[in-house]
Amino acid sequence: MGALLAFGAGGGATAATVMAFDEAANGAAAQPRTMILDANRLRMSTAAIDFVFRGDLNKVWVLRSKNHTYFELTPGGLGQIGARMDQAMAQMKEKLAAVP
């Protein structure tokens with residue numbers, strides 16, 4: 001199901017597309033989902049987590065409502081995570097190579 005929503009931001013009005021639907025994955029019961037799409041913005045909501053993307057800021061926030069926490073992803077931060085994963089994989093390969 002989809003709908004069109006208009007809201008004001010900074011004195012100007014913009015139009016966003018709002019989609020509400022149920023999604024089932026891996027045989028689990030269907031869960032409600034909401035997506036709000038705007039020119040530079042995307043918000044995806046589930047019962048446990050919300051993802052907010054701001055294209056103008058080039059950032060993603062992951063919000064966990066249950067424990068009232070969030071974390072921010074930026075291109076630089078993702079590069080650091082990737083480098084740490086590469087380093088951990090290299091260490092694991094070294095250890096596996098030493099196993100008889």
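This is a short talk on one protein chain, its confidence, its layout, its charged pairs and one surface patch.

Okay, let's start. What you see is a predicted model. So how far does the confidence go? The protein chain averages a pLDDT of 82. Of its residues, 86% score at least 70. One stretch needs a flag. Over residues 1-11, pLDDT stays under 50. For those residues the model has 23 contacts beyond four places in sequence. Please keep that flag in mind when you look at the N terminus.

Next, the layout. The protein chain has one helix and seven strands. In what order do the elements run from the N terminus? The order is β-β-β-β-β-β-β-α. The helix, H1, spans residues 75-97.

Now contacts and surface. Take the contacts in the protein chain with a separation of 6 or more. Residues 24 or more positions apart account for 2% of them. Burial comes next. The protein chain has 100 residues, and buried ones make up 8%. Its accessible surface comes to about 7,600 Å². Carbon and sulfur atoms hold 62% of that surface.

Let's zoom in on Ser-45. Where does it sit? Ser-45 is in strand E4, residues 41-45. Is Ser-45 buried or exposed? Ser-45 is buried, because its relative accessible area is 18% and the cut-off for buried is under 20%. What does Ser-45 touch, leaving out residues up to four places away in sequence? The list is Pro-32, Arg-33, Thr-34 and Asp-50. With Asp-50 there is also a side-chain polar contact, at 2.6 Å.

That brings us to Asp-50. Asp-50 is buried too, at 13% relative accessible area. Its side chain also forms a salt bridge, and the partner is Arg-43. The closest N and O atoms of that pair are 3.3 Å apart. Arg-43 counts as partly exposed, with 34% relative accessibility. So here a buried Asp-50 pairs with a partly exposed Arg-43. Asp-50 thus has a polar contact with Ser-45 and a salt bridge with Arg-43.

On to the other charged pairs. Why do such pairs form? Side chains of opposite charge can pair when their charged atoms come close. How many salt bridges does the structure hold? The structure holds four. Beside the Asp-50 and Arg-43 pair, I'll show two others. One is Arg-54 with Asp-56, where the closest N and O atoms are 2.6 Å apart. Asp-56 is partly exposed, at 41% relative accessible area.

The other is Glu-72 with Lys-59, at 3.7 Å from N to O. That pair links distant parts of the chain. Glu-72 is in strand E7, residues 69-73. Lys-59 is in strand E6, residues 59-64. The two are 13 residues apart. Glu-72 is partly exposed, at 38% relative accessibility. Lys-59 is partly exposed as well, at 26%.

Last stop, the C-terminal end. Which residues make the nonpolar surface patch? Met-89, Met-92, Leu-96 and Val-99 make it. The patch covers about 410 Å². Look at Val-99. Val-99 is found in the segment after helix H1. Val-99 is exposed, because its relative accessible area is 53% and exposed means over 50%.

To recap: Ser-45 meets Asp-50 in a polar contact, Glu-72 and Lys-59 join strands E7 and E6, and Val-99 belongs to the nonpolar patch. Over to you for questions.

Notes: Residues numbered from 1 in each chain as written. Predicted model: local features only at pLDDT ≥ 70, side-chain atom pairs only at ≥ 80, totals over all residues. Heavy atoms only, no water. Patch = residues over 30% accessible without salt bridge, like charges linked within 9 Å, V, L, I, M, F, W, Y side chains within 5 Å. Areas by Shrake-Rupley, 256 points an atom, 1.4 Å probe, with all protein chains shown as cover. Helix = DSSP H or I, 4+ residues; strand = E, 2+ residues; numbered from the N terminus. Buried < 20%, exposed > 50% of the residue type's maximum accessible area, 1.4 Å probe, protein only. pLDDT = per-residue confidence, 0-100. Contact = heavy atoms within 4.5 Å. Polar contact = N/O pair within 3.5 Å; in protein donor to acceptor, adjacent residues only side chain to side chain.
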